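Let's take a friendly walk through the charged side chains of this protein and see how they pair up. Please have the viewer open as you read.

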Amino acid sequence: MERVAQGRFSKCSHWRASAYIGGPDLLTWESIYHLNGNYDGGSGLMHTVPITDSCWQNTFPRWVRPLPDEWLSGLLLRCDEVNYWQSGTTSTYLLRDSARNASMPTNHFLIPPIWLLEELAEALAVPLQSLFNTTYLPELMRIYNLTRFPHSMLLNSSFSFHFCPECARNRVLRRTLMLAHLTSCPLHSIALCQRCPCGTTQRIFCRQAQPFTCYRCDLDWAHFPQLSVSPEERALSTELLKWYEVFFARGTPILFSSALKLIRSRFLEKGAGGVRLLDGKTRYILPDNCGQISLGHLVDWLVSLNLSPPDLNL
């Protein structure tokens, strides 16, 4: 007998997490073996695995692979959907160890701990590096020269969940859209959504809902209003992404320090009038030069002062 990761289910008498993940309100692996698997989760059909293979006992029933620029939380939602689980089932399983969970920051899927990625890599039978690409973990460790796990606040100190409804149509939550101050999708030039037409602020995971839907009214995120954005908003997104790309591609403490010096120089040129940042606040003092301000806040200053990457003389 063979197992197909994203094709037709094959009958199996046991799966290591079925008792935990299934629960009283979810389908178990045994109860859905007979279903036809037409859903590909946007990641295509993976190879078959013989029933004698040891990974049968260590992986989820159906697998998904990370897509380009996919955010980890989106990958977890696709895993929920392809396995016919409710929203948040995969994430809850990964966080079942209360001792480990207690030491994690609130936005643990923005910058997840390595042990969580290692466990997910085993459960999905994918290379660990492919899961690093669903986060900004390696980039932040290089930018801040860290030897320990970085806090999510170093990436985005004011994170709130939003998504592009057109991306959601393809079942993708993009990693790029989790960056601070982005309000529109650079791929589709439409406004990002946080609130359902029913008035409910959206949550990434909710065990009372299906993946990629409003937990209050069940509206699919793909059917949220698609609002066009102004040329000014598109230009702002472009400028923000230019700076983020520089830091993610070449960011080091030296580059970070050079950007702070550039901010200081331009700030002094402007005089005592202060600088209005993208968060709407006017600042009259410069950011601290301690190297621990968030990347999002640094980029906010650079863009608000009308600076561009060539000004760094890289």
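What follows is a short report on salt bridges in a predicted model.

## The overall count

Side chains of opposite charge can pair when their charged atoms come close. In this model, the count comes to 10 salt bridges.

## A buried pair: R171 and E81

How far apart are the N and O atoms where R171 and E81 meet? The distance in this salt bridge is 3.0 Å. R171 sits in the loop between α8 (165-169) and α9 (231-250), while E81 belongs to helix α2 (residues 72-82), so the contact ties together parts that are 90 residues apart in sequence. If you look at the surroundings, both R171 and E81 are buried.

## A mixed pair: E119 and R96

E119 and R96 also form a salt bridge, and their closest N and O atoms are 2.5 Å apart. Helix α5 (residues 114-124) holds E119, and R96 lies in the loop between α3 (89-94) and α4 (98-102), so this pair links parts that are 23 residues apart in sequence.

Are these two residues buried or exposed? E119 has a relative accessibility of 14%, under the 20% cut-off, so E119 counts as buried. R96, with a relative accessible area of 38%, is partly exposed.

## A partly exposed pair and a network

R283 pairs with D279 in a salt bridge whose closest N and O atoms are 3.1 Å apart. R283 is partly exposed at 24% relative accessible area, and D279 is partly exposed at 38%.

Finally, which residues are linked in a network of salt bridges? Here D69, E139 and R175 are joined in that way.

Technical notes
Residues are numbered from 1 along each chain as its sequence is written. This is a predicted model: local features need pLDDT of at least 70, side-chain atom pairs count only at pLDDT 80 or more; totals for chains, interfaces and linings use all residues. Side-chain values use heavy atoms; hydrogens and water are left out. A salt bridge is a side-chain nitrogen of Lys or Arg within 4 Å of a carboxyl oxygen of Asp or Glu. Helices (H or I, at least four residues) and strands (E, at least two) are DSSP runs, numbered from the N terminus. Buried means under 20% relative accessible area, exposed over 50%, partly exposed in between (1.4 Å probe, protein chains only).
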